[in-house]
Amino acid sequence: MRLDRFLSNLPRHSRADARLLLAGGRVRVDGATVRDGRVEVREFSRIELDDELLQAGKPARYFMLNKPPGVVSATEHAEHRTVLDLLDEPDKHELHIGGRLDLTTSGLLIITNDGLWSRRLTEPRSRLGKVYRVTTEQPITPEYIEVFARGLYFTYEDLTTLPAELEILSSHEALLTLHEGRYHQVKRMFGHFQNKVIGLHRERMGPLQLDPALQPGEYRALHADEIGLI
Ligand code: URA
C-alpha cells in the first residue's frame, strides 16, 4: 500500500493531514525520513511518526526445504503430513509455499511470508526456469527435445505450454527446465510419449539451487544474498 494511504487510514488522520505530516519530514520508514507519499509500504515495514511507532513491521522469513515424496505441499491436509509439519518455526500459519510440488515429487520448495517476493519467483512473467531431474520408465529419445521446445497442447486448459528445455543425461534420465507450473506438467509432458515418470526431483528455481547438504525433510533459512537474487 502507498504510504499516504497508510497514514490517512489511521483513525485520527485525513488525507490532507497525511500530506502535511509527510511534507514536514515527520514520517520515517525503516529508519529513513520519507516525504513522498507514493512510496510503497508493506507489512514488513517499520513506520514511525515523530516518536510514535505506527507499525512495528514483521521480519520477512524465507526458507528452502528438501521436500521428500509423500509429504503434501500444503499448509493443512486431512490425511498426509504437510511440509509445514517439517518446519520447527513459530507462527507457521503466516507462511506460504512458493511453487507447489506433487505428493510424489521431491526437491526444492520455498516457504516464506513474503508474498510479493514469492510471486516474482513463481510467475511465468519473471521467466525464471525451474529445473527438474526426471527419471522415466521408458527410454527418452532426442525427439522429446524438439517437441518440448515447441510446446505441447493441453486440451483441458486449452493452452500450449511455453518452450521448455530438455537435456538428456542417460537413457532414462533428463533435466527439464520449465518456465511455468501447470498441473502435473512434467508428468503430462512425458505422458505425451506414453512414458511414465517414475522419479521427479526439483533441483533449482531460477537462481536458487537446492542446497546439497539438505537431506530429504531438512530445511534452512535462505541467506541474504539468495533472497536478493529474486
Ligand atoms: N510437474 C509435475 O508433474 N509435478 C510436479 O510436482 C512439478 C512439475
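This is a tutorial dialogue on reading the cores, sheets, pocket and a few single residues of a predicted model.

User: Let's start inside. Which residues of the largest nonpolar core touch the most other members?

Analyst: A general idea to begin with: in soluble globular proteins, nonpolar side chains tend to be buried together. In this predicted model, the largest nonpolar core has 32 residues, and Phe148, Leu176 and Phe190 touch the most other members. Several elements each supply at least two residues of that core: strand 5 (62-67), strand 7 (106-112), strand 8 (130-136), helix 4 (143-150), strand 12 (173-178), helix 5 (185-191) and strand 13 (197-205). Apart from it lies another core, of 14 residues, with Phe6, Leu21, Val27 and Ile47 among them.

User: Let me zoom in on Phe190. What is Phe190 in contact with, leaving aside neighbours within four places in sequence?

Analyst: Phe190 reaches Val134, Thr136, Ile140, Tyr144 and Phe148, and its contacts also include Leu166, Leu176, Asn195 and Val197. Notice that Phe148 and Leu176, on that list of contacts, were also named for touching the most other core members.

User: Strand 8 came up as a core supplier. Why is strand 8 said to be largely enclosed by the rest of the structure?

Analyst: Here you count buried residues along the strand, with buried meaning under 20% relative accessible area. In strand 8, 5 of the 7 residues are buried, so the rest of the structure largely encloses it.

User: And which way does strand 8 run against strand 12 and strand 13?

Analyst: Look at the bridges and the sense of the pairing. Strand 8 and strand 12 run antiparallel and are joined by 6 bridges; one pair to find is Thr135 with its bridge partner Glu173 in strand 12. With strand 13, strand 8 pairs over 7 bridges, again in the antiparallel sense. There, Lys130 sits opposite Met205 of strand 13.

User: Now the largest pocket. How many residues line it, and which lie nearest its centre?

Analyst: With a pocket, go from its space to its lining. The largest pocket holds about 330 Å³ of space. Its lining has 20 residues, and Arg100, Tyr132, Gly181, Arg182 and Arg202 are the ones nearest the centre. Strand 8, helix 5 and strand 13 each give at least two residues to that lining. By character, the lining residues split into 7 nonpolar, 6 polar and 7 charged.

User: There's a sheet of 4 strands too. What is the strand order, and which strands are at the edges?

Analyst: Write down the order, then check which strands pair on one side only. The 4 strands form an open sheet ordered 2-1-3-4, with antiparallel pairing. Strand 2 (32-33) and strand 4 (52-55) each pair on one side only, making them the edge strands. Further in, strand 1 (residues 27-29) and strand 3 (residues 47-49) pair antiparallel over 3 bridges, and Arg28 stands opposite Glu48 in strand 3. Strand 3 and strand 4 also pair antiparallel over 3 bridges; Leu49 has Glu52 of strand 4 as its bridge partner.

User: What's in the turn between strand 3 and strand 4?

Analyst: Check phi there: most residues other than glycine have a negative phi, and most peptide bonds are trans. Strand 3 and strand 4 form a hairpin with 2 residues between them, and Asp50 in that turn has a positive phi of about 50 degrees. Asp50 counts as partly exposed because its relative accessibility is 31%. Another residue to check is Arg127, with a phi near 60 degrees, positive although it is not glycine. You'll find Arg127 in the loop between helix 3 (115-122) and strand 8.

User: Two single residues to finish. Is Asp4 buried or exposed, and where is Arg26 found?

Analyst: For single residues, take place, accessibility and contacts in turn. Asp4 lies in helix 1 (residues 3-8) and counts as buried, at 18% relative accessibility. Not counting residues up to four places away in sequence, Asp4 touches Ala18, Leu22, Gly37 and Arg38. Arg26 is in the loop between helix 2 (15-23) and strand 1, and is partly exposed with a relative accessible area of 36%. Leaving aside neighbours within four places in sequence, Arg26 is in contact with Leu21, Glu48, Leu49 and Asp50. For a sense of distance, the C-alpha atoms of Arg26 and Leu128 are separated by 40 Å, and the two residues are 102 residues apart along the chain.

Note on methods. Residues are numbered from 1 along each chain as its sequence is written. This is a predicted model: local features need pLDDT of at least 70, side-chain atom pairs count only at pLDDT 80 or more; totals for chains, interfaces and linings use all residues. Side-chain values use heavy atoms; hydrogens and water are left out. A nonpolar core is a set of buried Ala, Val, Leu, Ile, Met, Phe, Trp, Tyr and Cys residues joined through side-chain atoms within 4.5 Å. Buried means under 20% relative accessible area, exposed over 50%, partly exposed in between (1.4 Å probe, protein chains only). Contact means heavy atoms within 4.5 Å. Two strands pair if DSSP finds at least two bridges between them. On a 1 Å grid over the protein atoms alone, a cavity is a set of points where a 1.4 Å probe fits but cannot get out, and a pocket is an open set with protein on both sides within 12 Å along at least five of seven lines; lining residues have an atom within 4 Å of a point. Grid points are joined across faces, edges and corners, and a volume is the space filled by probe spheres set on the points. Ala, Val, Leu, Ile, Met, Phe, Trp, Tyr, Cys and Pro count as nonpolar, Asp, Glu, Lys and Arg as charged, and the others, Gly among them, as polar.
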